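Good morning, everyone. Please have a look at the model on the screen, and then we will walk through it together.

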Amino acid sequence: MPRRALLILLACSRVLPSAFADGLEEAPAFRTAQQALADGLPEVAAVKAGRLLKDKSWSKSEQKQLATFAAEAWARAGRATELLALADTQELEEEHFWRAQAHALNGDLAEAREELTSGNPTLSAPARLLLGQVLASLGENDAARDEIEPLLVHELAAIRRHARLLLAEIETGAGKVHAALQLLDQERDPDDATAELIRARCLLLTAKLSEARVTLEKVLSLATGGERARHAAGVMLAEVWLQEKQPEKAFAHLVKMLDTTVTSESWPDAFDMLDRAWMSQPDPRVLPEVVTRWAIQGSQAQQAPEPSPALEKASATFRGHAEFTLARWLRAEKRPIEAAGLLEGFIQLHPGHPRLSPALRLAMEIYSDLHSDSRVLQLSEMWRSQFSGDEGGTLVDFLAGSIQYGRAEFLPAQESFDAAANVAGSLSERRRSLFNSAICAFKGGDLVLYLGLLAQLEAAGGSQDATGDSAADLQLEKALEAAAQHRDDAEESLRTFITTRPWHPRLPEAQLALAAWLLQSQPPHTDEAQKLLAAIRLPTEPSEARDTLAQRIDHTRLWLREISGDLKNLALDCAAFAKTWPKSPLLPEVRMKEAGAHFQLEDFASARTSFEIIAKEHPEAPQADTALYFAALSAMSVMSAEGRERALEIWETLAKKGGPLAIASRRQQALTFRRQADLPSALKALDQILAMKALDDEMKNLTLCEKAEVLLLQGKKERQSLEEAAKLLREFLDQASRLSFLWKARAGYTLATILHEAGSDAEALEACYDTLRAADTAPPSNPADYLWFSKSGFFGIELLEAAHQWEAAAKLAEQIAQVKGSRANDARQIATKIRLEHFLWDGPKPTPPVQPALPAIPVPDEPAPSKKSTTKKKK
């Protein structure tokens, strides 16, 4: 398998003639195809060119130029199969270049290199760029430099730019950041998104995080570079936030980015970064609902009433990434059965997925932990048949060797461990594999092999110095400090202390700290932590320090239960802790764990009781109000009239108390009343929220919009409520200068639906139009903005269609299509459908076509730069 392609695949341009043959230039269909390519619609251009190729009246040179144009279009569309089929049936200019392009698009980099180097001693500059890129992607950096460096002085600026950026990226990957920055500073264009993206990577590698963040934010604001550059910049920005210890911000950013993608080459990196961001967040962590939704139906941007085959394929790939990420998290949360089931489904549903290799390896690890040896061996054979030689071979061979050793198949196990040692990615992995291999050789009776492996192990090993006895306390303090700061050297320091100081009186502290460290590691090592806790020996003499240590041990055991997902025993152990340590300062936290366990087990009656006990017995504890709030949620979940009334009573108490949960409690009241269709009570609760002094602008805007929605529901029976709702929203929109686009759009759409319900369709259409015009100065910048923008736009189209105003409906759809978002294509299709069905094509003449760009490995979002046609019209 080739290694992952470079950070950004640079677009190589093939030098086409400055003008096409006269016959082509004057053909309207060809000019339309050129315009489609210039407008960023390469598939449309390719289809049109393919249709023109069926015309046998073209001259040989025209046929060749037309076929080459079609090849360019298919390459820009990323359609390798169609590109190869075209090369097989048509004569192309520089055919080897296009064939290499197709192989590169398919990921067959070795074939692409063969196509460019076999029988083609003289390559054009674009072909050399493509060859350099292929070589770099294969890891042959020296050969890539030989191809690229001469192009740094090429006469064409575009060739120089591509060569410079590609070489800068190679140097960055090789760790030569200074050399890369020197290349980027040559002929620097601050609006070159690709160059600035590579510069940001260099800054990130040199730990200049603030400069890297500023550069990436600039890249995201640029109109150049296309989606590929923006997605790569988004992933890198999340990495910056992670290094700045802001995992929550990185996670939220990645969720927002991924939910707005239809397809992206950055998905593997983005989901890896999402995994890191989630794992870096403090406990307790909850599996994000949005990722579960992705695993079921794909991203929000991929939702369509009738998805195309390409969209279905992209959605399946996205769902596979989400499923694999969820499996990782389930394993980290000690839910191996669920993780294994998810991976089994992944293996069956996504046989060609880019995550299949790591998914197989993860499944092997889980089944190994579950002692399902036969399934591990089946999966290892499946992995070897598809990914032999790929990264991860150490794990596969090590797991296979472990199973074979357990079956007393010592010589096959020795071969597996030896294979693991040969492909080990680190010295510690090699030592571990060689040690196991030597043990297997000894048990298998091959003493000569054993001695040879012992010599290899000695060469790969090393002695470890031990500190003197006088430094024991200092050694432990350093280790405890490292653990408190979550430094990477903490585990090794604690283990060293435990191993070298088994007699030390502070040994229990080190054992407890190491157990806590193991529980915080990713994934948590619960088995070893449990053994460490069991091995701790408390001092025999009673003392306050002894009791404190015992409490910490029992508390850590509760943590162990929680991480293991053993909720039933967690609840029992929490009750036992409360009985043993009734005066412990940790008791409110332990009670919350107990109540939370009951809540997760859906034992809402017990959860309600436990939460209310916390609020009653520990009213001054920080958890008291939170416990009361969740007691109300538990009471609601019992699904009884008494529970509902009790929940409303608790929320009323919290709201009157005026604490940090007052607004949330009123909102829960409003939601409950709305679900019960008690709309007057819901309105009263919303008015009470609006009267709160601590209400921030965002919550106030949300509450006003929700109040208008409740009035709309009430207006189905009372017309006066519709008038009140319309007045409320008009007054709200009169403050447009202080409102963000989200609230303008949401209020505008709600106002339109209210006016339509009231029978005022003209005014409803005006509300939709005002929302769309608001996007002219402050366009939608996130999925929530675009949701309400598209709702308003498509509702306006429905109103115009109902009024048979077809021309206006088509124009409105075209305006919606100009705003980038998940439904832009739907709007474009609606506009086309309306115009075709109602014969509305006699408008202004189309813009003259623009000369297409010169392709290679294409950037899908990057439209071709235009050239003026030099062809004269026929008389």
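How much accessible surface does the chain have, and what share of it belongs to carbon and sulfur atoms? The accessible surface comes to about 43100 Å². Carbon and sulfur atoms hold 53% of that. Keep in mind that this is a predicted model.

Now the overall make-up. The chain has 875 residues, and 49% of them count as buried. Its secondary structure comes to 44 helices and zero strands. Now take the contacts with a separation of 6 or more. Residues 24 or more positions apart account for 58% of those.

Let's go inside. In soluble globular proteins, nonpolar side chains tend to be buried together. What does that look like here? The largest nonpolar core has 79 residues. Those with the most contacts inside it include F611, W651, F732 and W743. I754, F789 and I816 are on that list too. Which helix gives the most to this core? That is α40, residues 741–757, with nine residues.

Take I816 as an example. Leave out residues up to four places away in sequence. I816 then touches L772, F789, G793, F794, I797 and A827. Apart from this core lies another one, of 58 residues. F30, A49, A80 and L131 are among its members.

Next, empty space. Rolling a probe the size of a water molecule over the atoms shows where it is left. I'll take the second largest pocket. Its volume is about 2000 Å³. Which of its 48 lining residues are closest to the centre? They are Q281, P282, D283, P284 and R285.

Several helices give two or more residues to the lining of this pocket. Among them are α14 (226–243), α16 (267–279) and α28 (507–520). Further along come α30 (544–564), α31 (567–580), α32 (587–600) and α34 (624–637). The largest share, seven residues, comes from α32. By type, the lining divides into 22 nonpolar, 13 polar and 13 charged residues.

Stay with P284 for a moment. P284 lies in the loop between α16 and α17, and α17 covers 289–297. Now look at the bond that leads into P284. The peptide bond from D283 to P284 is cis, with omega near -5°. Most residues other than glycine have a negative phi, and most peptide bonds are trans. That gives us two kinds of exception to look for. The cis bond at P284 is one kind.

For the other kind, go to K334. Its phi is near 60°, a positive value in a residue other than glycine. K334 is found in the loop between α18 (309–332) and α19 (336–349). Is K334 buried, partly exposed or exposed? It counts as partly exposed, because its relative accessibility is 27%.

H371 gives us another positive phi, near 65°, and H371 is not a glycine either. Its place is in the loop between α20 (356–369) and α21. H371 counts as exposed, because its relative accessibility is 68%.

Move along into α21, residues 373–387, and you find S380. S380 counts as buried, because its relative accessibility is 1%. What does S380 contact, leaving aside neighbours within four places in sequence? The answer is M364 and V396. S380 and V396 are 16 residues apart along the chain, and their C-alpha atoms are separated by 6.1 Å.

One last stop: L648. This residue sits in helix α35, residues 641–657. L648 counts as buried, because its relative accessibility is 9%. Leave aside the neighbours within four places in sequence, and L648 is in contact with Q669, T672 and F673. What about A670? L648 and A670 are 22 residues apart in sequence and 9.7 Å apart in space, C-alpha to C-alpha.

To wrap up, here are three places to revisit on the screen. Start with the 79-residue core, to which α40 gives the most. Go on to the second largest pocket, with D283 and P284 among the residues closest to its centre. Finish at K334 and H371, with their positive phi values. Thank you.

Note on methods: Residues are numbered from 1 along each chain as its sequence is written. This is a predicted model: local features need pLDDT of at least 70, side-chain atom pairs count only at pLDDT 80 or more; totals for chains, interfaces and linings use all residues. Side-chain values use heavy atoms; hydrogens and water are left out. A nonpolar core is a set of buried Ala, Val, Leu, Ile, Met, Phe, Trp, Tyr and Cys residues joined through side-chain atoms within 4.5 Å. Buried means under 20% relative accessible area, exposed over 50%, partly exposed in between (1.4 Å probe, protein chains only). Helices (H or I, at least four residues) and strands (E, at least two) are DSSP runs, numbered from the N terminus. Contact means heavy atoms within 4.5 Å. On a 1 Å grid over the protein atoms alone, a cavity is a set of points where a 1.4 Å probe fits but cannot get out, and a pocket is an open set with protein on both sides within 12 Å along at least five of seven lines; lining residues have an atom within 4 Å of a point. Grid points are joined across faces, edges and corners, and a volume is the space filled by probe spheres set on the points. Ala, Val, Leu, Ile, Met, Phe, Trp, Tyr, Cys and Pro count as nonpolar, Asp, Glu, Lys and Arg as charged, and the others, Gly among them, as polar. Accessible areas come from the Shrake-Rupley method with a 1.4 Å probe; for residues, only the protein chains shown count as cover.
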